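Reader: I'm new to this structure and would like a close look at a single part of it. Could you take me through the place where two of the domains meet, and then show me what surrounds it?

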Amino acid sequence: MKTILCFTVLFLCANSQNLLNDFRRFFGASDVRDTANFRKSYDFVVVGAGSGGCVVANRLSENPEWSVLLLEAGDDENFLTDVPLIASLQTITSYNWGYKSERLATACLGLIDGRCNMPRGKALGGTSVINFLLYTRGTKQDFDQWAELGNPGWGYDQVLPYFIKSENCTKCREIDGKYHGKSGYLSVEHPGYESPLVKRFIKSGEELGYKNNDPSAPYGLGFSKVLATMRNGMRCSASKAFLKPILHRTNLHVSIKTRVTKILIDPSTKQAYGVQFWKNRRKFTVLATKEVVLSAGSINSPHLLMLSGVGPRDDLTRVGIPLLQNLKVGYNLQDHMAMSALVFFVNESITVSDRGVQNPVDIFNYVFNGRGPYTIPGGAEALAFVQTKYAKIGGYPDIELVLGAGALNGDVYGSLRSLLGIPRSLFERVYAPHAYKPAFSIAPVLMRPKSRGRVVIKDGNPLHWPKLIPNYFENEEDVKTMVEGIKMARWSSSASVFCSSAITITQSRHFQKYNITMITTPFPGCETVPFGSDEYWACAVRHVATTLGHQVGTCKMGPPSDPDAVVDERLRVYGIKGLRVVDGSIMPNVVAGHTNAVIMMIGEKASDMIKQEWARK
Ligand SMILES: Cc1cc2nc3c(=O)[nH]c(=O)nc-3n(C[C@H](O)[C@H](O)[C@H](O)COP(=O)(O)OP(=O)(O)OC[C@H]3O[C@@H](n4cnc5c(N)ncnc54)[C@H](O)[C@@H]3O)c2cc1C
Ligand SMILES: *[C@@H]1O[C@H](CO)[C@@H](O)[C@H](O)[C@H]1NC(C)=O
Ligand SMILES: *[C@@H]1O[C@H](CO)[C@@H](O)[C@H](O)[C@H]1NC(C)=O
Ligand SMILES: *[C@@H]1O[C@H](CO)[C@@H](O)[C@H](O)[C@H]1NC(C)=O
């Protein structure tokens, strides 16, 4: 609370020339001209202003002849969502839809209510307003595999130009310049702060045989300091990148706090012709003369399709929605699970905790210079893409290790805990006794899970949540791979007994300076398993591993021969005319990286396809 107050005061001072505007923004006024008078029809209606939708709305409205309506359920961002370090705070605000999974037998066993939090952004900018700002693209193999699955045009060489097109990374010349853009809308930069951990982490990687290289270039494996979607130390969401600079376009209407409830599809022609939505307690219908573009994200896009009669026959029959097209909508749910609960104590104050950075000097440095620890994106300082013994393809990572400048023990105010769903009792037992010790974390992330989940429609009410059954860790090899990831990171006084590879990151000579130790209190539910054994870590994974928020795959892209495909390689919904899906849900397989930039690439590519098709007509 103190931090927020401090920020408010300093923000207002730093921007005194805009004082009035900032007050307005703080109290909820936005610089978006929120449309209240809708036209009867638009050429394109885009549903959802997230990472995919903002790009599409921008690129389609480049053509002054086309009218575009962008509908978003959430509100505009505010200056607190801009601060990179406090990203985890955003998930306890109304900028998060707040989804939770059903209880699973295989994951989230030790979390609140035994359910997994599945945060999704509800804002102009979508999930890019609450995410951790990390900029990665996935690897070459990811996209080449999409193409091999029968999706021509999606190979690495064909998608790379779209990554470059959307990006503005002026400093990236110093890394691998030819893979980065300098004239796109999306600002990408390194954080304006680096703890001494970063260099040691990268050096440890070298000791393990990995290079220090740019994950946006097509190497696959390696260690690097993070790149973030940030402009002068402030969050650059999809909205700030792609919408705010073009709000003057008169052919683009944007409507916030607007909940789309149905896509209108003519049952005889199977033509999508408009949408129904609620705004200010009024119901509206608006027509789309060319296309409806669905960009509501991997939970809401499949839900809206099902509400509109496109989905699995059995489910639609069960809830009494007339079936227009039988497709496996909501299947193929994939996500990245992370073990964010590992804590590495050090014997010097070189880490960042939420108490530590309340230092007024740091806040000053942030507000006035856009630098300092507050610019660390979600607390993450460096990334490593590595292989365990389960990796099958050479050069293709199966685990990512995220270096955090702080750790869960320092989360005394509870924002990280509430993001992850860690119960108070677990925190009190395992972490609270160490709350004031300096510590960092290394979070292993499972890059290519074999488990598949589902989004299932619960009933016909569009305002009710769908059932979320992510099936995390249903496949045993997913757990085993995570355990190998943990063993690469961890420190253990008896490592030689448990570890196959002698060196771990925290045991490398580069970290010896800090006399690293770990918590030896077992997680509740894992007390009976020998502490530190593979079985112990497997138990820990099933109890406290959490999602990184990369849900994708629920409207799978694939060829007509693929019985699971929902959209074709031009992202058109099978069997329905004038309806496309452009967001994370079209990924046939989740990429080995964070998903935001990938989904913006999908938005760029889809926009070009839409333009090409309508130019031909
Ligand atoms: C906590 C967290 C941290 C993350 N960290 C990172 C990271 O560091 N790096 C990274 O690359 N990725 C990260 N991600 C993932 C990434 O941000 C998302 O994958 C990406 O933003 C999703 O884009 P999208 O377009 O598919 O959906 P979204 O961005 O979620 O957009 C969907 C939009 O549609 C709106 N909508 C939904 N239903 C309706 C409706 N019925 N009517 C009107 N509007 C509707 C939503 O409100 C939302 O604004 C993170 C995610 C989370 C949750
Ligand atoms: C890219 O970013 C730089 C540095 O922030 C800025 O000066 C430049 O104007 C940006 N370029 C574009 C095309 O927006
Ligand atoms: C290292 O940490 C252990 C455990 O806290 C402690 O017993 C030991 O004295 C420390 N060693 C040094 C050299 O600080
Ligand atoms: C931390 O521990 C290391 C290794 O045990 C030791 O050499 C170093 O002096 C310690 N540093 C401090 C500040 O205690």
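Author: Let's start with a term we'll need: a polar contact is a pair of N or O atoms within 3.5 Å; within protein, one of them must be able to donate a hydrogen and the other to accept it, and residues adjacent in sequence count only if both atoms are side-chain atoms. Keep in mind, too, that this is a predicted model.

Now for the domains. The assignment for the protein chain gives domain 1 (1-30), domain 2 (35-147 + 238-330 + 554-617) and domain 3 (192-225 + 337-448 + 474-544). The meeting place I'd pick is the one between domain 2 and domain 3, whose C-alpha centres lie 32 Å apart. Domain 2 brings 37 residues to the contact and domain 3 brings 38 residues. Between them, about 3000 Å² of area is buried, with carbon and sulfur atoms giving 64% of that. On the domain 2 side, Leu85, Thr106 and Leu111 lose the most area to domain 3, together 19% of what that side buries.

That's where our term comes in: across this interface of domain 2 and domain 3, 17 residue pairs are in polar contact, both residues being at pLDDT 80 or more. The rule for salt bridges finds 1 across the interface of domain 2 and domain 3. As for a particular salt bridge, the side chains of Arg448 and Asp142 meet in one, at 3.3 Å from N to O.

Next, have a look at helix H5 (residues 156-166). Here Tyr156, Val159, Leu160, Tyr162, Phe163 and Ser166 are buried. Looking down the axis of H5, you'd find those buried residues within an arc of 165°, so they line one face of the helix. There's some background to that: an α-helix has 3.6 residues a turn, so residues three or four places apart point the same way. And what lies over the buried residues of H5? The cover includes helix H4 (140-148), strand E3 (167-168), strand E4 (186-187), helix H7 (238-242) and helix H16 (596-616).

Helix H16 is worth a stop of its own, as Glu613 lies in it. Glu613 counts as buried, at 8% relative accessibility. Setting aside neighbours within four places in sequence, Glu613 is in contact with Arg570, Arg572 and Arg580. With Arg570, the side chain of Glu613 meets in a salt bridge of 2.5 Å, N to O. Arg570 sits in the loop between strand E22 (546-547) and strand E23 (579-581) while Glu613 is in helix H16, so the pair ties together parts that are 43 residues apart in sequence. Both Arg570 and Glu613 are buried.

The count of salt bridges by this rule comes to 38. Another one joins the side chains of Asp43 and Lys290, at 3.1 Å from N to O. Asp43 is in strand E1 (residues 41-47) and Lys290 in strand E11, so this pair ties together parts that are 247 residues apart in sequence. Asp43 and Lys290 are buried as well. There is also a network of salt bridges, linking Arg59, Glu62, Lys165, Glu604, Asp608 and Lys611.

One last curiosity: Asn280 isn't a glycine, yet it has a positive phi of about 50°. You'll find Asn280 in the loop between strand E10 (272-279) and strand E11 (282-294), and it counts as exposed at 65% relative accessibility.

How values were computed: Residues numbered from 1 in each chain as written. Chains lettered and ligands numbered in written order. Predicted model: local features only at pLDDT ≥ 70, side-chain atom pairs only at ≥ 80, totals over all residues. Heavy atoms only, no water. Buried < 20%, exposed > 50% of the residue type's maximum accessible area, 1.4 Å probe, protein only. Helix = DSSP H or I, 4+ residues; strand = E, 2+ residues; numbered from the N terminus. Arc of directions from axis to C-beta. Contact = heavy atoms within 4.5 Å. Domains from an automatic or database assignment. Buried area = accessible area lost by both parts, 1.4 Å probe. Salt bridge = Lys/Arg side-chain N within 4 Å of Asp/Glu carboxyl O.
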